[in-house]
Amino acid sequence: MATYLVTGAAGFIGSSLCRAILAQGDEVRGIDNFSTGHRENISDLEHLIDFREADILDTSALAEITRDVDYVLHQAALASVPRSIQDPVTSHRINAEGTLNVLLAARDAGVKRVVYASSSSVYGDTPSLPKREDMIPHPMSPYAVQKLAAEQYMHVFHHVYSLETVSLRYFNVFGPFQDPASMYSGVLARFTGMMLRGETPTIDGDGSQSRDFSYIANSVSANLLACTAPAEKVSGKAFNIATGRRVTVNETVKMLRELTGYDGEILYGPARAGDVKHSLADISRAREAMGYEPLVQFQQGLTETVRWYRDRIAPRITTFRY
């Protein structure tokens with residue numbers, strides 16, 4: 001039986017990872033300061049996991065909870081381009097310095113491997129599609145710079161300290177437990193919540209921007225595969241995690257209308273600063289190195305997501321404004 005430490009355990013992806021690890025019969029430790037995660041995301045898990053309410057900037061707490069851990073799944077972050085533009089210092093401390101703290105704790109504790117939640121934002125708005133890991137990064141926001149810097153720390157800790165590390169570049173993850181009332185959540189969570197409440201969504205830009213939206217199960221699977229893949233194939237490297245397909249925001253909104261029954265107006269506003277126009281992943285490297293395959297394609301994932309919000313979240317969604 002292995003022990004996994006999940007940072008950001010009360011977050012959208014972190015809580016999903018906790019459930020998957022428990023389901024495979026392993027032990028979970030979790031750390032979260034609830035700055036973006038929610039206790040209700042793990043309310044059914046707290047008696048099953050070793051959870052600590054703490055911050056990854058607290059090196060003492062981090063060192064204690066990392067002791068005797070086999071794998072670290074580092075999900076804790078301020079995962080928002082707009083927030084990094086508004087407050088780059090705080091965002092840098094958590095996303096870059098926080099990752100360095102996690103790596104130091106893992107190195108000192110003798111952890112087998114650290115798997116890091118990176119982002120497709122590191123590619124920036126380069127015109128070439130699909131995005132491949134050998135492309136030169138061109139970050140367009142402080143958040144993207146921080147994610148790239150953390151990737152570089154992962155690479156260096158592998159080469160300098162012989163700590164096995166894997167970086168996963170997520171492309172627009174969506175699914176249950178993503179907060180629909182937060183202005184920093186993904187567009188699918190926000191729009192689903194608003195449509196179910198009959199509120200009017202606003203698309204940033206003209207809606208022609210496209211994304212490789214990837215259901216949460218795909219990211220969870222990739223994390224678990226990355227823990228056990230051969231070190232010579234994955235350690236010190238970065239991998240795209242998505243579906244290898246893209247859909248425009250306008251097309252997505254049309255699907256959401258049908259799934260939610262929303263028949264109201266859709267507004268359009270200015271494009272957000274720091275956003276990329278198009279995103280599409282080449283997932284061949286992850287497929288070859290760790291056997292990754294997307295488990296759930298977009299339409300199925302969107303259907304499951306809307307069903308989940310309708311059953312559990314919609315009655316409690318508060319009014320949200322941009």
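**Exercise 1. Which residues are buried in α5?**

Solution. This is a predicted model, in which local features need pLDDT of at least 70, side-chain atom pairs count only at pLDDT 80 or more, and totals for chains, interfaces and linings use all residues. Residues are numbered from 1 along each chain as its sequence is written, and side-chain values use heavy atoms, with hydrogens and water left out.

Step 1. Locate the element: helices (H or I, at least four residues) and strands (E, at least two) are DSSP runs, numbered from the N terminus. Helix α5 covers residues 142-161, 20 residues in total.

Step 2. Apply the cut-offs: buried means under 20% relative accessible area, exposed over 50%, and partly exposed in between (1.4 Å probe, protein chains only). The buried residues of α5 are Y143, A144, Q146, K147, L148, A150, E151, M154 and F157.

Step 3. Consider the spacing. An α-helix has 3.6 residues a turn, so residues three or four places apart point the same way.

Step 4. Find the partners, with contact meaning heavy atoms within 4.5 Å. The buried residues of α5 pack against α3 (81-86), α4 (88-109), β5 (113-119), β6 (164-170) and β11 (237-241).

**Exercise 2. Describe the order of strands in the open sheet and the place of α4.**

Solution. Step 1. Two strands pair if DSSP finds at least two bridges between them. The seven strands run in the order β3-β2-β1-β4-β5-β6-β11, with parallel pairing.

Step 2. Because β3 (50-53) and β11 each have a single partner strand, they stand at the edges, and one side of each lacks a neighbour in the sheet.

Step 3. Axes are lines fitted to C-alpha atoms, for helices over the stretch in contact, and angles run from 0 to 180 degrees between N-to-C directions. Neighbouring strands of this sheet are turned by 20° against each other on average, direction ignored.

Step 4. Examine one edge: β6 and β11 pair in the parallel sense over five bridges, and S167 stands opposite A238 in β11.

Step 5. Helix α4 packs on the sheet, where it touches β1 (3-7), β4, β5 and β6, and its direction makes about 175° with that of β4.

**Exercise 3. Compare the surroundings of D68 and F177: which is buried and which is exposed?**

Solution. Step 1. Most residues other than glycine have a negative phi, and most peptide bonds are trans.

Step 2. D68 has a positive phi near 65° and lies in the loop between α2 (59-66) and β4 (71-74). D68 is exposed, with a relative accessible area of 61%.

Step 3. F177 has a positive phi of about 80° and is found in the loop between β7 (173-174) and α6 (187-196). F177 is buried, with a relative accessible area of 16%.

Note on methods
Expected span 1.5 Å × (residues − 1).
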